[in-house]
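Open the model in your viewer and keep the selection tool at hand. This tour moves from helix pairs to one residue in a strand, then to charged pairs.

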Amino acid sequence: MLFEVWAPEKEQVTLQLAGQDAAMERDPLRDGWWTVTADAADGDHYGFSLDGGPVLPDPRSRRQPAGPDGLSAVVDHDTYRWREEWTGSRLPGAVLYELHIGTYTPEGTFDAAAQRLAHLARLGITHIELMPVCPFPGRHGWGYEGVSLWAVHEPYGGPQGLKRFVDAAHAHGLGVVLDVVHNHLGPSGNYLPAFGPYFTEAHHTPWGAAVNLDAPGSDEVRAYLLGSALAWLRDYRLDGLRLDAVHALADTRALTFLEELSAATDVLAAEQDRPLFLIAESDLCDPRTTTPRAAGGLGVHAQWNDDFHHALHTALTGESHGYYADFAQAPLAALAKTLTRVFFHDGTYSTFRGRTHGRPVPRATTPAHRFLGYAQTHDQIGNRALGDRLSATLSPGLLACAATLVLTGPFTPMLFMGEEWGADTPWQFFTDHSDPELAEAVRGGRRREFAAHGWAADDIPDPQSPATRERSCLDWSEPAGGHHARLLDWYRELVALRRTQPDLVDADLASVRVAHDEDARWLALRRGDLRIAVNLGKEPAHIPLNGRDGRILASWEPVRPPGADGVLLLPPESCVVIADS
């Protein structure tokens with residue numbers, strides 16, 4: 001077996017394999033690379049010693065059995081026998097479901113999560129979007145402090161566990177998308193700087209020195225990240241990747257990393273004869289992120305649309321702090337703008353940023369499915385002081401209205417696990433650092449952050465407490481009854497409508513029509529021959545739909561079609577989907 005590692009500034013590199021040392025030789029064809037051939041089998045432990053130093057894990061390790069600080073282990077991907085023949089699942093027409101393996105079930109493993117996939121199939125979603133699964137310190141965490149970008153968190157089940165999960169998902173007809181983090185690595189267990197210039201002081205990010213995408217040595221760093229991304233898609237048969245915070249990628253090269261990645265993904269899709277896609281998280285409000293490369297864009301296939309979330313959140317809750325301030329001035333107008341023009345900040349002034357922000361989306365040439373719409377995400381819940389979901393403060397009727405706008409709106413819908421039944425469990429920020437100083441720094445930083453917003457330190461959940469993670473696990477007894485069961489039925493009904501009503505998956509942004517009344521708190525949406533109306537107010541709303549009769553396809557509360565005057569009488573905190581007669 002060939003072992004290889006990039007360590008351009010070292011004078012000596014030694015492979016330690018199963019307790020035996022073997023000197024590595026410089027590769028004459030690749031500058032900075034060291035290689036050696038040795039007999040090895042699946043599961044054998046190994047690492048590299050640099051200039052006589054301690055044995056470190058492989059930067060391209062496929063498995064870290066003892067966690068980020070331990071030795072790497074050989075992974076032979078051919079030892080897994082795939083059960084399902086999978087031809088892929090396209091993004092247009094999709095419904096995504098963001099899922100965290102560690103809290104989806106109390107067990108917090110791939111195998112336990114796989115036992116709950118039938119629920120998602122019945123719900124009607126098409127793709128699971130897994131939060132990061134790279135190794136991170138301890139057993140439990142969000143995953144955004146991961147290291148070893150080619151490996152799988154061992155407590156979740158390691159490489160074999162992820163393959164079993166993907167296989168099971170495909171058996172249920174569900175695609176799998178993985179959240180990957182290229183903009184930083186975690187503060188614990190990151191040994192990349194010992195090997196080479198993986199980071200650069202030329203740029204600084206909220207996490208410190210930037211990942212080196214444009215300084216000397218960046219060709220190999222890009223190859224490292226590209227290889228990792230393609231390995232997830234190829235070796236684990238994933239259907240797509242979600243790219244965390246691409247706005248934090250410091251990259252001044254003419255050919256950006258994102259363009260390289262999108263091009264390489266398209267090549268792999270052609271080679272494997274199945275659709276593959278990338279979804280970016282970006283707060284730039286820049287349509288060039290998803291504009292095809294041939295048209296001068298970056299070529300990422302879709303992106304999260306936080307502006308839609310912020311408008312919807314303020315309309316539902318009335319919150320106006322922080323980045324919600326601009327949206328809260330006229331929340332229904334903001335919601336109407338995002339439903340028709342995608343970005344609220346499309347060249348407008350952002351008081352949160354103190355400057356003009358964003359760029360208009362060319363609606364005539366940009367398909368709506370390139371943008372994901374959602375009412376809740378791990379960020380928008382977990383980054384609140386108490387990790388409280390919308391269900392903690394909103395009525396079931398308003399939760400139904402939120403679901404209606406997400407699932408009948410023009411964007412690719414995404415749900416956050418548990419929202420489909422209005423889960424009562426919070427989703428809080430939790431970590432499991434073994435380093436006492438780092439643990440205290442995280443705990444104190446969290447409390448200081450929210451103290452600035454008036455929270456008492458004792459009210460902020462301790463990220464290091466096991467109870468914080470336990471509170472965040474879904475309670476699977478909830479969906480069986482009461483308002484939880486009713487809301488779940490509503491979600492299923494709306495998702496089913498997306499399969500039977502072509503207008504709901506029409507990608508033409510320019511055809512979307514919206515009317516609203518800020519004072520009466522109603523909004524009506526026109527999608528082809530369908531009319532969708534929500535009443536967020538506490539009083540019945542008289543909504544002029546400019547059409548009489550029609551068929552009620554779905555309604556949260558009993559409602560009659562519009563009368564002869566074309567006016568719909570919609571009960572408070574309610575919603576309806578109507579088809580033209």
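Keep in mind throughout that this is a predicted model.

**Stop 1: α8 and α10**

Select residues 306-317, helix α8, together with residues 331-341, helix α10. Their axes come within 8 Å and cross at roughly 150°. That angle is over 145 degrees, so α8 and α10 are roughly antiparallel to each other. The crossing of α8 past α10 is left-handed. Now show side chains. On the α8 side, pick D307, F308, A311, L312, T314 and A315. Facing them from α10 are P331, L332, A334, L335, T338 and L339. Colour this contact by class: nine residues are nonpolar, two polar and one charged.

**Stop 2: α12 and α15**

Move on to residues 396-408 for helix α12 and residues 482-500 for helix α15. Here the axes come within 10 Å, and the crossing angle is roughly 15°. An angle under 35 degrees counts as roughly parallel, and α12 and α15 are therefore roughly parallel to each other. This time α12 passes α15 in a right-handed crossing. From α12, select P396, L399, A400, A403, T404, L407 and T408. From α15, add H483, L487, W490, Y491, L494, V495 and R498. By class, this contact holds 10 nonpolar, three polar and one charged residues.

**Stop 3: C575**

Keep the last selection and add C575. It lies in strand β27, residues 574-579. Is C575 buried or exposed? Its relative accessibility is 0%, so C575 counts as buried. Which residues does C575 touch, leaving aside neighbours within four places in sequence? Start with A400, T404 and W490, which are among its contacts. You met these three at the previous stop, in the contact of α12 with α15. C575 also contacts C401, A533, V534, A554, S555, W556 and L570. For a sense of scale, draw a distance from C575 to E25. Their C-alpha atoms are separated by 68 Å, with the two positions 550 residues apart along the chain.

**Stop 4: salt bridges**

Side chains of opposite charge can pair when their charged atoms come close. The count for this model comes to 25 salt bridges. Visit a few.

Select R63 and E154. Their closest N and O atoms are 2.8 Å apart. The pair links distant parts of the chain, 91 residues apart. R63 sits in the loop between β7 (55-56) and β8 (72-73). E154 sits in the loop between β10 (127-130) and α4 (158-171). R63 is partly exposed, at a relative accessible area of 26%.

Next, select R83 and D167. This salt bridge has its closest N and O atoms 3.8 Å apart. It joins the loop between β8 and β9 (96-99), where R83 is found, to helix α4, which holds D167. The two are 84 residues apart. Switch on the surface and look at both ends. R83 is exposed, with a relative accessible area of 54%. D167, at 0% relative accessibility, counts as buried.

Now pick D235 and R234. Their side chains meet in a salt bridge at 3.2 Å, N to O. D235 is buried, with a relative accessible area of 16%. R234 counts as partly exposed at 37%.

Finish with a group. Select D179, R242, D244 and E281, which are linked in a network of salt bridges.

Notes:
Residues numbered from 1 in each chain as written. Predicted model: local features only at pLDDT ≥ 70, side-chain atom pairs only at ≥ 80, totals over all residues. Heavy atoms only, no water. Helix = DSSP H or I, 4+ residues; strand = E, 2+ residues; numbered from the N terminus. Buried < 20%, exposed > 50% of the residue type's maximum accessible area, 1.4 Å probe, protein only. Contact = heavy atoms within 4.5 Å. Axes fitted to C-alpha atoms, helices over the stretch in contact; angles between N-to-C directions. Parallel < 35°, antiparallel > 145°, perpendicular 65-115°, else oblique. Left-handed = near helix turned anticlockwise from the far one by under 90°. Nonpolar A, V, L, I, M, F, W, Y, C, P; charged D, E, K, R; others polar. Salt bridge = Lys/Arg side-chain N within 4 Å of Asp/Glu carboxyl O.
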